Amino acid sequence: MTVPHRRQAQGVADLPAEYQRFLTLVAAAPRAVACRDVCEELGVPIAAKERRGRA
């Protein structure tokens, strides 16, 4: 997926569809959104959190 440099993009319409969906979702949210919420809404799988340093 190629994303144009910010100087080459005129607006959201110049971004790939996946980025447009992300920006639309976040901009429409009434408050800050968690990554988990964005992933669920966009249908992106959520990986289990890796715990480091624990036996």
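## Helices and overall make-up

Helices here are DSSP runs of H or I with at least four residues, numbered from the N terminus. Glu18 sits in one of them, helix α1, which covers residues 17–28. The model is predicted.

The protein chain contains two helices and zero strands. Its length is 55 residues, and 7% of them count as buried. The chain exposes about 5,200 Å². Carbon and sulfur atoms supply 52% of that area.

## How the helices cross

Helix α2 spans residues 35–42. The axes of α1 and α2 come within 11 Å. They cross at roughly 125 degrees. Angles between 115 and 145 degrees fall in the oblique class, so α1 and α2 are oblique to each other. Their crossing is right-handed.

## Glu18 in α1

Is Glu18 buried, exposed or partly exposed? Its relative accessibility is 46%. Buried means under 20% and exposed means over 50%, so Glu18 counts as partly exposed.

Glu18 and Leu42 are 24 residues apart along the chain. Their C-alpha atoms are separated by 8.8 Å. Glu18 belongs to α1, and residue 42 closes the range given for α2.

## A nonpolar patch

Which residues make the nonpolar surface patch? They are Val12, Phe22, Leu23, Val26 and Val33. The patch measures about 340 Å².

Val12 lies in the segment before α1. Its relative accessibility is 43%, so Val12 counts as partly exposed. Phe22, Leu23 and Val26 fall within the 17–28 range of α1.

Conventions. Residues numbered from 1 in each chain as written. Predicted model: local features only at pLDDT ≥ 70, side-chain atom pairs only at ≥ 80, totals over all residues. Heavy atoms only, no water. Buried < 20%, exposed > 50% of the residue type's maximum accessible area, 1.4 Å probe, protein only. Patch = residues over 30% accessible without salt bridge, like charges linked within 9 Å, V, L, I, M, F, W, Y side chains within 5 Å. Areas by Shrake-Rupley, 256 points an atom, 1.4 Å probe, with all protein chains shown as cover. Salt bridge = Lys/Arg side-chain N within 4 Å of Asp/Glu carboxyl O. Axes fitted to C-alpha atoms, helices over the stretch in contact; angles between N-to-C directions. Parallel < 35°, antiparallel > 145°, perpendicular 65-115°, else oblique. Left-handed = near helix turned anticlockwise from the far one by under 90°.
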